[in-house]
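Visitor: I would like to look at a protein model with you and ask how each label in it is justified.

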Amino acid sequence: NNLDPHVLVIFGASGDLAQRKLVPAVFDLFRGGYLPKNFALLGASRTDFTDEAFRDKVVFNNEHFDQKDATDEQVKEFSEMLFYQDLASYDSEKDIKALAARLKKLDKELKVGQNYIFYLSTPPKLYSTIPAALAKAGLNETKEGWARLIVEKPFGYDEESAVKLNRDIQTHFEENSIYRIDHYLGKETVQNLLVTRFANGFFEPLWNRNYVQSVQITASETVGVGSRGGYYDESGAMRDMVQNHLLQVLAHVAMEPPIRADAHSIRNEKLKLFQSLRPITRKDVKNQVIRGQYTAGVTEKGKEIAYRDAPGVPDDSKTETYVGMKFFIDNWRWAGVPFFVRTGKCLPLKLTEVVITFKNPPQAIFSEYDDYAMSCDNQLIIRIQPDEGMALEFGMKVPGEGFRVKNVDMDFFYRDLTKNDVPAAYTRLLLDCMKGEPTLYARGDSVEAAWAFIDPILEAWKNDEVPIYSYPAGSWGPLQADALWIGEGAGWRNPT
Ligand code: BG6
């Protein structure tokens with residue numbers, strides 16, 4: 001491998017994300033032979049651990065740590081790359097000195113050439129504090145090496161706070177050293193959207209207002225909020241899923257072709273796309289955005305209690321667990337084409353997919369034989385997860401007399417492309433940051449632009465200008481969301 005030696009410092013290392021995703025992702029890189037020989041992971045947080053206790057928590061006693069085909073010796077070897085530094089707070093003089101001293105020691109032992117990645121996996125209120133503290137210790141710009149900062153979601157709470165956070169962080173780190181993580185961008189199939197569109201000659205001519213009737217993006221989940229009520233109630237589906245993950249997916253579906261497949265070109269096109277979203281004014285919210293909250297019901301996971309009864313959620317909460325919305329992109333490619341996006345907890349299936357519905361042929365000449373021919377949707381269904389792949393649906397003649405038409409599909413499964421496991425999102429994203437490759441991370445300006453689009457909707461909700469509808473857990477969300485489609489054809493695709 002050709003990665004620079006470095007230390008990956010994870011702030012908030014005693015938390016859930018480090019156990020569930022980050023340490024397993026670093027282990028995957030180790031197994032795959034990607035990590036440089038001189039490497040350390042330094043966990044830092046307020047819990048008082050020794051190096052051994054930390055290794056125990058995130059490796060040996062971590063139910064999310066899957067050894068896979070690695071031997072016990074390999075796991076041990078990996079665990080010995082893990083260290084821990086406890087902090088009383090995240091910004092006291094004493095803490096910073098202790099952290100800096102620890103890094104100096106590791107640097108000397110491992111000869112990492114002062115290359116550091118700082119991963120912020122703490123409560124968001126510390127996202128401005130920690131970079132400032134790092135700067136005080138001179139760790140933001142090291143003399144010999146490089147320093148990069150990864151910032152977990154949520155990046156801001158609205159446009160104003162995102163702008164402020166950007167300013168705060170950019171005071172200490174250059175934009176090209178800031179890696180705002182959105183794990184949807186680490187999903188192979190989200191990246192594959194770009195290849196599908198721009199490596200093939202036949203999709204691109206169709207990918208516009210002349211041939212596309214509508215575009216819909218669904219991210220449905222079967223789980224409820226579980227024990228995350230405290231966090232979720234402050235956030236809601238719009239901030240948790242739409243502002244970040246789904247707008248990123250949208251950008252891949254709808255952006256203009258970049259001149260090159262590099263970070264600068266791709267991220268410029270995404271920014272342009274976000275800037276072309278037609279604002280949904282507060283007045284339009286009631287016609288274009290439906291918010292819902294689940295009540296008790298049965299999902300494939302079993303009985304689910306109502307959202308308002310979940311731990312950490314107030315009895316009178318008006319936080320949305322479902323969003324269905326319709327909007328437009330005001331540019332040449334997409335003028336007049338409706339885009340639909342929805343996401344929700346406690347829906348019937350866990351899936352993320354994009355559906356491009358193409359316009360019907362100009363005449364329905366087989367309709368005298370078959371009513372169906374009138375409603376034969378030509379759809380391209382891009383399954384982001386699970387069952388990653390793509391299906392193209394179109395009408396074929398039913399064998400026999402007359403001209404009866406039936407929808408058939410050509411189905412491609414992404415897993416057929418490789419015998420290896422498709423890398424997990426965090427694995428891919430961490431590797432990119434280690435390489436200094438920011439393409440799959442969100443740039444500051446586009447995060448702000450995405451918030452600018454969402455803000456008026458959140459304002460209208462905050463002021464209770466539109467109702468919040470309930471839906472029973474296990475259903476496809478409030479029925480009112482179906483009305484968004486009136487006059488626009490296809491309707492939500494609800495797979496079974
Ligand atoms: C997270 C959200 O960012 O994404 C969760 O906070 C959500 O609420 C999750 O469940 C969905 O991610 P995935 O990869 O399972 O679709």
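Guide: We will go through some salt bridges and some words for burial, keeping in mind that this is a predicted model.

Visitor: Why is the pair R333 and E256 called a salt bridge?

Guide: The side chains of R333 and E256 meet at 2.8 Å, N to O, and because a salt bridge requires the side-chain nitrogen to be within 4 Å of the carboxyl oxygen, the pair qualifies. The two partners lie 77 residues apart, with R333 in the loop between β11 and β12 and E256 in the loop between α8 and α9.

Visitor: How do you know whether R333 is buried or exposed?

Guide: R333 has a relative accessibility of 10%, and since buried means under 20%, R333 counts as buried.

Visitor: What makes E256 partly exposed?

Guide: The relative accessible area of E256 is 25%, which falls between the limits of 20% and 50%, so E256 is called partly exposed.

Visitor: Why is the contact of R383 with D411 also given the name salt bridge?

Guide: The closest N and O atoms of R383 and D411 are 3.0 Å apart, which is within 4 Å, and therefore the name applies. This pair joins strand β14, which holds R383, to strand β16, which holds D411, 28 residues apart.

Visitor: Which word, buried or partly exposed, fits R383, and which fits D411?

Guide: R383, with a relative accessible area of 13%, is under 20% and is therefore buried, whereas D411, at 39%, lies between 20% and 50% and so counts as partly exposed.

How values were computed
Residues numbered from 1 in each chain as written. Predicted model: local features only at pLDDT ≥ 70, side-chain atom pairs only at ≥ 80, totals over all residues. Heavy atoms only, no water. Helix = DSSP H or I, 4+ residues; strand = E, 2+ residues; numbered from the N terminus. Buried < 20%, exposed > 50% of the residue type's maximum accessible area, 1.4 Å probe, protein only.
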